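Dear colleague,

Please find the structure below, followed by notes on what turned up in it.

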Amino acid sequence: MIATQRSVSGSSQSPRSPSSQPYLSVSVTDPVKLGNGVQAYISYRVITKTNLPEYQGPEKIVIRRYSDFVWLHDRLFEKYKGIFIPPLPEKSAVEKFRFSAEFIEMRRQALDIFVNRIALHHELQQSEDLRTFLQADEETMERLRSQETGIFKKKPTDFMQIFKDVQSKVSDVVLGKEKPVEESNPEYEKLKHYIFELENHLAEAQKHAYRLVKRHRELGQSLSDFGKAVKLLGACEGNSLGKAFSELGTKSETLSVKLQKEAHQLLMNFEEPLKDYVRAVQSIKATIAERANAFRRQCELAETTKLKEINLNKLTLMRSDKVGEAEIEYQELKVESEEATRMFEMIVRLMNEEIVRFQEQKTLDMGIAFHEFAKGQARLANGIANAWRSLIPKLEACSSS
Amino acid sequence: MEQQRSISGSSQSPRSPSSQPYLSVSVTDPVKLGNGVQAYISYRVITKTNLPEYQGPEKIVIRRYSDFVWLHDHLFEKYKGIFIPPLPEKSAVEKFRFSSEFIEMRCQALDTFVNRIASHHELQQSEDLRTFLQADEETMERLMSQETGIFKRKPADLMQIFKDVQSRVSDVVLGKEKPVEESNPEYEKLKHYIFELENHLAEAQKHAYRLVKRHRELGQSLSDFGKAVKLLGACEGNSLGKVFSDLGTKSETLSDKLQKEAHQLLMNFEEPLKDYVRSVQSIKATIAERANAFRRQCELAETIKLKEINLNRLILIRSDKVGEAEFEYNQLKAESEEATRMFEKIMRLMNEEIVRFQEQKTLDMGIAFHEFAKGQARLANGIATAWRSLLPKLEACSSS
């Protein structure tokens, strides 16, 4: 097991262990807008620092774009069934927002977390695709990206389609059309139910967290407008009242700035982690769909193998000349069936480990996020209280004179 | 006469011995009467006084908004030069007309209106005030329906008078008429100040109202957020789930605080600002009246001069129209002197009123802004305390 450092802030950490200890440290930085018009896109620097023998040298810098990350994600999803592949940030639907500084920063941070989670995962970090992603020159990467065929071109919506197929098969069973294809595993049922409920509640919480960010901004804007208006009033008045107005107006503008800053903090340190958590849960749902696929395949092959066996015995009894052919087919199917069973059991085993890993990491991440939330809110409120309190003596003087 | 000022809407019992003259009024208990489009709000107007002109120590009458308008318009006509306390606006939006918040704000504003009249050394002696405070409801209704001509004037009409004055000024500039503006630098400065003040006040009041709205919206978001986080907590179970629930509950508590503060902001800050705007508009109406009086004085002075010249001519030619002309001349002279007296009275009253206004405004605005800062500090303090109380538990979760 390779010990690696976790980099969540987006900066690459220098290895704290002596150079003999294995390490793999990645960071995604320096977003740059390239290209023009509709073709424009953002490129990122991906810096890899490592002493692992499979990698070329202690430091390597490559340029990657969002679709390269998608390539890596899709390949890992195909090859490591059963493992919760770290989620990607969404493509942005709104053109106007696509190159805003805030969006670019959020995406960069999310991509950095994505790669680091892969580099820290004891199975995924050994992936050849990861090495390719971290080291291949840009032309090679482009060639690989354009070679994507069939299954690798699958988008998240396609995974949902697989899942819907599974769901429709379930209803087919209920209607008596097919054999049951769902595992009858109460623990697993509980898990699936939990994941679905979690996704709903998380999405709801994230939506309202985003609205909170918006409301902070709006309150800040109103305070700023108010401050300006009160300052003009103060200039018009003159005398001690006018001076009190001016100070109050200036204070309002200062607090407006505080609110905007806190809104940004809320977004980066709370709303984004929540959104990341939603994506992680969606990744688990995709793995659930894969497991259902594997289970169904196993069942189908088991059925088919049984039928083939019955048929083979029949042909053997009849001493048919088709026995040889049937025996070959039967053996082939038997191998496939065993392979399917192995695949399914591997997914079950991996998922069990992944669930434990997920629960631990989530508890930590969410604890941090909500801690940041409460700290930020307390800090903001404290600053606001101090600001207004400092004005009260002067205003008291005005209202009693 | 000493008066108690009742701003909060509750009637204050006289703190002075019963021999000391007092007049204390309060407007309370708004009640919705009537149905559909005819529906309106009635208010109880309670008068406590020992003044001889009034019927007994306490009198309660029922009044509606249009009765207050009647009182305002009569005072405006009879006491030119005095800044008549302003009325709250008619509400344009039907839907809002019977919301409890609107009714409360209007009740408070009407109470302030009547009390300012009762506290004003000239206006408190008005017979119309006594009628308003004491007449039974049928008498009041009869008086309302008898309103003719000038008393049916709406604020928009007063603005029209003012615009007439302004257009006369431009006529002067274009050389069409004789100058009808006073050439009084102090007064010019005052007018300029009043106009600038109205603009800045209206702007500040608009943004104060938006602040109220933003407080409400933030409160609503916090409430929705709290509910969502509680559901998340219930789904999680374990210690993390409990922390979520605590945080969700805290959010809902703070949402309440924000809604309360939004209401306080509205009643103790935004409304006083709006009241201040109305006061300044009342001053503008008085400015218009002064301009009218000045113009009338000038016109009559001019006309007198012409009449005098004509009279002298008729005397010289020994016309038989002399008697008639002399009669008209004397009449006009009396009118002219009356107009001059009226204008000078308005000027004198306005000078006193300006001083009164400045003092009262400084006090009122000082109080309003003081309340604003206190309320904001109190709210922020409550919010900071609430979140800080959660930090130890959250710290435990994020490091375990």
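To begin with a single residue pair, B:Leu23 stands opposite B:Thr49 in strand E2 of chain B. Strand E2 (residues 40-49) pairs with E1 of chain B in the antiparallel sense over 9 bridges, where strands (E, at least two residues) and helices (H or I, at least four residues) are DSSP runs numbered from the N terminus, and two strands pair if DSSP finds at least two bridges between them.

Before going further, please note that this is a predicted model, in which local features need pLDDT of at least 70 and side-chain atom pairs count only at pLDDT 80 or more, while totals for chains, interfaces and linings use all residues. Residues are numbered from 1 along each chain as its sequence is written, chains are lettered from A and ligands numbered from 1 in the order in which they are written, and side-chain values use heavy atoms, with hydrogens and water left out.

The strands just mentioned belong to an open sheet of 3 strands in chain B, with the order E1-E2-E3 and antiparallel pairing. Its edge strands, each pairing on one side only, are E1 (23-33) and E3 (58-64) of chain B.

Turning to internal space, the structure holds 2 cavities of 30 Å³ or more, a cavity being a set of points, on a 1 Å grid over the protein atoms alone, where a 1.4 Å probe fits but cannot get out, with lining residues having an atom within 4 Å of a point. The largest cavity has a volume of about 250 Å³, the volume being the space filled by probe spheres set on the grid points, which are joined across faces, edges and corners. Of the 18 residues that line the largest cavity, A:Leu219, A:Leu380, A:Ile384, B:Leu218 and B:Ile383 are the closest to its centre. The elements giving two or more residues to this lining are helices H6 (186-237) and H8 (323-400) of chain A, together with H6 (185-236) and H8 (322-399) of chain B.

Two loop residues also deserve a look. A:Arg319, in the loop between helix H7 (239-317) and H8 of chain A, has a positive phi of about 50° although it is not a glycine; at 76% relative accessibility, A:Arg319 counts as exposed, a term that means over 50% relative accessible area, whereas buried means under 20% and partly exposed in between (1.4 Å probe, protein chains only). In chain B, B:Arg318 lies in the loop between helix H7 (238-316) and H8, has a positive phi near 50°, and is exposed at 75% relative accessible area.

With best regards

Key:
1 Å grid on protein atoms, 1.4 Å probe; cavity = no way out; pocket = protein on both sides within 12 Å on 5 of 7 lines; lining within 4 Å.
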